[in-house]
Structure formats: C-alpha cells, structure tokens
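Reader: I'm new to this structure. Could you walk me slowly through one part of it, the main nonpolar core and what surrounds it?

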Amino acid sequence: MSKLEYEFDEKSNQIISPLNNKRLTYTPEEEIRQKFICVLVNEYGYSLNQMAQELSLTNSSRGTGRARADIVIWKSEEAKKNNEHAAIVIECKSDNVTIQPEDYYQGLNYATWAGADFFVTHNSKETRYFQVFKDKLPKHLGKELSDLPKAKQLGDQQSIEKILNEEKVFERDEFAKLLHQCHNIIRNNDKLSPEAAFDEISKILFTKIVFERDNCNNKTRIFSKTEFENKEKDHNVDVRPYLEGDDKKTDYVQFIFRQTKKNIRKTLFSQKTM
C-alpha cells in the first residue's frame with residue numbers, strides 16, 4: 001500500500017481531504033487533522049475505509065447536540081458500513097491553541113456518544129490517549145495510555161487486554177517521587193548542592209522537551225532510548241561530517257543541549273552553562 005501524503009494546494013489555499021474526497025479551505029486545525037490522518041494510515045495501519053471525519057454524533061441541530069467528531073475510527077470497514085459503535089474518537093486542535101481540560105472532556109463526551117473504546121486529543125505539540133470506561137458516567141477522564149492500538153490489534157480482544165494491562169498511568173505523586181530520586185542521584189554522584197542539582201535536572205527536562213518536539217517520531221513524540229540511539233546514528237552519518245568547530249567534536253547529547261539553548265529563550269541559561 002502506497003504511503004498517504006498530506007496535500008495542500010497553495011494556489012487555491014485548499015487542503016485535499018482523502019476521507020471525504022473534497023477540497024477544504026485551509027485552516028491550522030484542518031492541517032493538523034489531515035496530517036494526523038496520514039499518521040493513522042501510515043504508522044498505525046488503519047484504512048481510510050474504516051475512518052470518517054466531521055461525523056455527526058447526534059441528531060440534534062441545537063447547542064451541544066450538534067457535536068461532530070473530528071476523526072472516527074471503526075474496528076473494520078464492515079463495522080463502519082453497519083453503523084456499529086466506533087472504536088476510536090479523535091479531537092484535533094490547532095497548534096496555536098493550548099489544549100484545555102474542557103477539550104479532554106469534550107473528547108470523552110464524543111467518545112461516549114459514539115460508543116468508542118478510546119479517545120484521543122491531538123495537536124502537533126501534544127497527543128494524549130485515553131481508554132473510555134463505558135460503565136461510568138463521563139465525569140472523569142478514563143485511563144491514560146501511552147499509545148493507541150494498531151489496526152491489526154484493534155479487532156483482537158486479547159491484544160487489547162494485553163495493551164491495557166501493560167499500561168500504567170503516571171500519576172503526579174509518582175512524577176514527584178521520580179523527580180526527587182533523580183535529584184538525589186545527580187546531587188550525590190556529582191557532589192552538587194541541592195540548588196545546582198535542580199539546575200541540572202532543569203537542563204535535562206528542557207532538553208527532553210525540545211528533543212521530543214523536534215526529533216521524535218511524529219506518531220507519539222515520546223523520548224526513548226531506542227529513539228535516541230537511532231537519532232544519534234543518523235546524526236553521526238548525516239550531520240556530524242558537515243559540522244564545524246566544537247559541534248563536530250561534541251557528543252550527540254551535548255549537541256542536542258546546544259540546540260535546546262538556541263530554541264529556548266537565552267535568559268533561561270547563563271553564558272557559563274555547559
């Protein structure tokens with residue numbers, strides 16, 4: 001199957017939508033949606049025939065009853081044709097909009113109305129995946145996941161159960177505990193003061209943010225050792241030979257940090273920051 005490409009006609013300022021075979025007036029949100037549809041097809045293996053966009057979820061034409069889901073995915077093309085419950089509902093936002101708590105609940109409501117098992121909120125800066133608990137009222141967000149099932153997994157209940165059982169929600173208390181552990185390791189290993197150790201952690205966090213935004217796979221934008229090692233190999237082959245000065249000699253992780261300092265306001269780092 002050929003790769004699905006995002007298509008934009010600059011002359012007419014229109015985006016080609018493969019799901020409904022139409023030309024749509026360009027908007028930042030529409031660009032995000034169409035690019036994510038390409039990800040769903042190319043990375044997750046979903047077929048356009050089992051997807052829809054701007055799907056009306058109710059018969060009402062007033063107020064919130066006019067709900068339209070940005071992207072809907074069924075378990076199969078046949079399930080879509082038979083008007084069965086959807087499997088995944090996706091709510092897209094443009095990059096210039098910060099995803100707010102109400103947007104997550106909007107996605108949850110849409111997924112509940114569609115009878116879906118999962119819902120997603122997405123722009124190119126942030127993508128979050130949730131399991132929908134159908135036996136509970138949609139007052140609380142479902143279990144957050146690190147990714148969605150691929151197309152070949154969606155119809156296999158055993159695969160779904162395995163994915164859900166392997167996932168673990170990263171709660172705020174767990175993050176605080178992990179941050180404290182990292183702080184202690186850096187402070188003790190490098191014999192730093194608590195303030196200096198926290199400064200080192202801040203460098204790591206900022207570097208991770210920039211790395212995920214600019215380097216990681218568009219599918220998840222999640223940092224991993226494998227992702228880092230792959231990018232490091234690419235850097236050594238495709239980038240390092242053409243660098244000059246200190247950049248040519250420096251380790252990849254230090255190179256990333258230098259790029260971070262260029263991308264984030266210079267006032268966050270002093271001139272003496274390594």
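Author: Here is a walk through that core, with the strands and residues that belong to the picture.

A word on the model before we start: it is predicted, so local features need pLDDT of at least 70 and side-chain atom pairs count only at pLDDT 80 or more, while totals for chains, interfaces and linings use all residues. Residues are numbered from 1 along each chain as its sequence is written, and side-chain values use heavy atoms, with hydrogens and water left out.

Now the core itself. A nonpolar core here is a set of buried Ala, Val, Leu, Ile, Met, Phe, Trp, Tyr and Cys residues joined through side-chain atoms within 4.5 Å. Buried means under 20% relative accessible area, exposed means over 50%, and partly exposed is in between (1.4 Å probe, protein chains only). The largest such core has 27 residues, and those with the most contacts inside it are Leu40, Tyr46, Met51, Ile71, Ile73, Ile88 and Ile90. At least two residues each come from helix H1 (28–42), strands S5 (68–73), S6 (88–92) and S7 (118–123), and helices H4 (151–154) and H5 (157–166). H1 gives the largest share, seven residues. These helices (H or I, at least four residues) and strands (E, at least two) are DSSP runs, numbered from the N terminus. As background, nonpolar side chains tend to be buried together in soluble globular proteins.

Let's zoom in on Tyr46. Not counting residues up to four places away in sequence, Tyr46 touches Leu40, Val41, Met51, Ile73, Ile88, Pro149, Lys150, Ala151 and Leu154; contact means heavy atoms within 4.5 Å.

Pro149 turns up again with Ile163, a residue of helix H5. Leaving aside neighbours within four places in sequence, Ile163 is in contact with Pro149 and Gln153. The C-alpha atoms of Ile163 and Pro149 are separated by 7.5 Å, although the two are 14 residues apart along the chain. Ile163 is buried, with a relative accessible area of 14%.

Next, look at S5. Five of its six residues are buried, so S5 is largely enclosed by the rest of the structure. S5 pairs with strand S4 (residues 51–56) in the antiparallel sense over five bridges, and with S6, also antiparallel, over three bridges. Two strands pair if DSSP finds at least two bridges between them. Ile71 in S5 is a handy landmark: Gln53 stands opposite Ile71, and in S6 the bridge partner of Ile71 is Ile90.
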